[in-house]
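Reader: I should like to go through the salt bridges with you. Could you put up the model before we begin?
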Amino acid sequence: MEGELHLSRLFAEGMVLQRSNRTRIWGWCRQGEKAEARLYKDNRVVAYGSGIADESGYWEVFLDISKAGYGYVLEIETVDGNIQTIRDVSVGEVWLCSGQSNMELPVARIADRFPEEVADCEDDQLRIFKISEHYEFQKPLEEPLSGEWKKSTKENVMEFSGLTWFYGRFLREAVNTPVGLINVSLGGSPIEAWMGKDSLKEEEDLQEIIRLYASDGVIEQKQRQDEEAAEQWSRKLAKADQGIAEKWYQRESREKNPEGEKEWKKIILPGWLEEQGIRDFKGVIWLKKVFDVPEEMAGAMAKLWLGTLVDSDETYVNGRLVGSTAYQYPPRKYEIAEGILKKGKNEVMIRLTCNDGNGRVTPDKPYKIFTSKQSLTLDGEWKCRIGAAVEEPAPAADFVSWKPSGLYNGMLAPCRRYTIKGFVWYQGESNDKAPQSYEMRLKKLILDWRKEWEQADIPFLVAQLPGFAIDLPTESGWPLLREAQRRSMELPNVAMTVNLDLGEWNDLHPLNKKGVAYRLSLAARALAYGEDIQWQGPVPASCEEEKEHLRIFFSGTGAKLLTVDGKEPQEFEASGEDGKFYPVEARIEGNTVLLVNHSSQKLIYVRYAWKNCPDRGLLCNEEGLLASPFFMRRGA
């Protein structure tokens, strides 16, 4: 009811407040009314503040709560007797973590990589608030529409962001206080979705998009068109799919048509369909493999891992559907129920839908059926048969949430009054088609977020994109994105961590979020908490001519300049004035790298690790922290 005491959803049981001498508490009540905030510990008031509601009913107070701890109670009271009491409040360190899918990826997706950590997840003083997906184009929202504070428990951990959770664990160990993390992320989101309208005022093309999506009925119309187009394509495919009509997934159905069995062709998997002569295929292809089950596995519950598939699948074992996935990125990890596996010959069958001619069973992934005691590999010879082929690719969805300013207004802005220690940012993949604008946008985002939080030098941590290749063209925008991320450190109190070695060439969502989180935590300890620790790898300082060669000097290397694999550096390229780069021999000499010129032209430009997935002779220091990819000119 209008005029009643109302608090943001962020102020709720289990919350973590930032320890600070100016921790903001705010809410709404009747205009002109006085609101008082009291923080109790052991029934004693340890912090107090009061404020008067303005003409809109908004009020705020700032509490001096510099001492960390837990077991607090926050009480808000208005003069007319309205009281709200929030229990189980902790005071410690609060960080806001934002970005796209690699910031959002849940622990459930990486749990198999880190079983011991997940088993040891109980921590009453590690708490995470996940802002749910919501876009808004009219104006910034005042508060989150959903979400709650959750503790790190066995019941909650699987839904937490893996990177956020590991970052919190490392902070808990480093600062020995309660830690609160606000996760504001969404898969596939470009940087402009997280920027306010005013931040993008100089980009008229984006302003036009914002105006379009703020218009009445536009979103509903576009969503309806997308849904109808997708449903029409899927229905057409299902109707034409001979495998559905004839129930190919059931062996007994196929046995009724022995002539049909001759249509199945040999195929070697994993791999790309085009490598097997199935080029530019759009439609449904069925894949089957017969495998032998020993007596001790017969009837047992088992797991089926099928790496990743492009694009969607329904998977059967002995005619029983054991799992399905609607798009390419999630790993296929299905359970085979008791009683399905039989002694002797068994069959796994995949109905694979290929959207746009790039169908594959991803290489260098696990393909197996296994129990705790035995494992059967599924690599090698399979059989395939086309169920249905279409000329047109699947219609591309127009994701409304990814439009400029939508997520800023709907998800980030509602958090902007909450007092925090700093930001963690892992994003960039969705801006690889136009990387030239990324440096400007990232710097603008950092400055504007600091302005919104009214903290001009609040720490901002950037996770640089790791190595990745499989879905990228050879000349992709990823090197330029990494360079833009590196240049973000030209702003004060910005740190960027290098993660080339923590990526996976064949997966946009690498599993080692623990390693990324650890490096971010080192940066936080140095930047935000003033620890004298090594958090950064070798930093290129200058590039000098030495006879016909070039020598690159580094700072921040610690005692030694090394490579991750112990070999000579392998990822250096150079060019003359023509700008045509070619690999050059490089060797480490002390804290420098000598580039040997075997050509007749003078070397002018140098670039390092300027690839989608550089992985040979990567430079690092003794702590194993890597040098960032970089681009330099001789004499710089």
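Author: The turns below deal with salt bridges and the burial of their partners.
Author: This is a predicted model, in which local features need pLDDT of at least 70 and side-chain atom pairs count only at pLDDT 80 or more, while totals for chains, interfaces and linings use all residues. Residues are numbered from 1 along each chain as its sequence is written, and side-chain values use heavy atoms, with hydrogens and water left out.

Reader: How many salt bridges does a search of the whole structure find?
Author: The search gives 58, a salt bridge being a side-chain nitrogen of Lys or Arg within 4 Å of a carboxyl oxygen of Asp or Glu.

Reader: What is the N to O distance between Arg38 and Glu36?
Author: Their side chains meet at 2.9 Å. Arg38 is buried at 16% relative accessible area, and Glu36 is buried at 16% (buried is under 20%, exposed over 50%, partly exposed in between, with a 1.4 Å probe and protein chains only).

Reader: And where do Arg633 and Glu577 lie?
Author: Arg633 forms a salt bridge with Glu577, with the closest N and O atoms 3.7 Å apart. Arg633 is in strand E37 (residues 630-633) and Glu577 in the loop between strand E31 (572-575) and strand E32 (582-583), 56 residues apart; strands (E, at least two residues) and helices (H or I, at least four) are DSSP runs, numbered from the N terminus.

Reader: Is Glu577 buried or exposed?
Author: Glu577 counts as exposed at 55% relative accessibility, whereas Arg633 is partly exposed at 39%.
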